[in-house]
Amino acid sequence: MIDIKASQVTPALRSLFDPDMPTAIRCFAVLNGGNAGRILTDDPDRPRWACVWEADDGTLYRGGVQDAGVLLDVVTTLRQDGLVALGFR
């Protein structure tokens, strides 16, 4: 798991996130560096998965192919910084 900054977000990583998902504007604000949060991925250049955590409300946005082990690692890591809220569709 790699923790990257908004300046390191690639088009490939950005494409993992659905702009039509609920509250997508907050996810993309973190990706663009406008909102505080963290961006985690397996590989910024050729990502299979990525997670965006928006620090203001703790929402975790997931993109790409993920399994339960990856999600557990991400949530465990982010809980050190605060609340982690998982949305379900």
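This report walks through some strand pairings and one buried threonine in a predicted model.

## The β3–β4 hairpin

Let's start with two neighbouring strands. Strand β3 covers residues 49–54 and strand β4 covers residues 59–64; they run antiparallel and are joined by five bridges. If you would like a landmark for this pairing, look for Cys51, which stands opposite Arg62 in β4.

Four residues lie between the strands of this hairpin, and Gly58 takes a positive phi near 80°.

## From β4 to β5

β4 has a second partner to look at. With strand β5 (residues 85–86), β4 pairs in the parallel sense, over two bridges. Here Thr59 has Ala85 in β5 as its bridge partner.

Helix α3, made of residues 68–78, belongs with these two strands: β4, α3 and β5 form a β-α-β unit, and the unit is right-handed.

## A closer look at Thr41

Now over to strand β2, which spans residues 37–41 and includes Thr41. Is Thr41 buried or exposed? Its relative accessible area is 0%, so Thr41 counts as buried, the cut-off being under 20%.

The side chain of Thr41 has polar company. One polar contact, at 3.3 Å, is with the side chain of Asp42. The Thr41 side chain also reaches the backbone oxygen of Trp49, at 2.7 Å. Leaving aside residues up to four places away in sequence, Thr41 touches Met1, Ile2, Ile4, Leu13, Pro47, Trp49 and Ala50. Trp49 therefore appears twice around Thr41, as a residue it touches and as the owner of that backbone oxygen.

Terms used: Residues numbered from 1 in each chain as written. Predicted model: local features only at pLDDT ≥ 70, side-chain atom pairs only at ≥ 80, totals over all residues. Heavy atoms only, no water. Pairing = 2+ DSSP bridges. Right-handed = clockwise from strand over helix to strand, strands pointing away. Buried < 20%, exposed > 50% of the residue type's maximum accessible area, 1.4 Å probe, protein only. Polar contact = N/O pair within 3.5 Å; in protein donor to acceptor, adjacent residues only side chain to side chain. Contact = heavy atoms within 4.5 Å.
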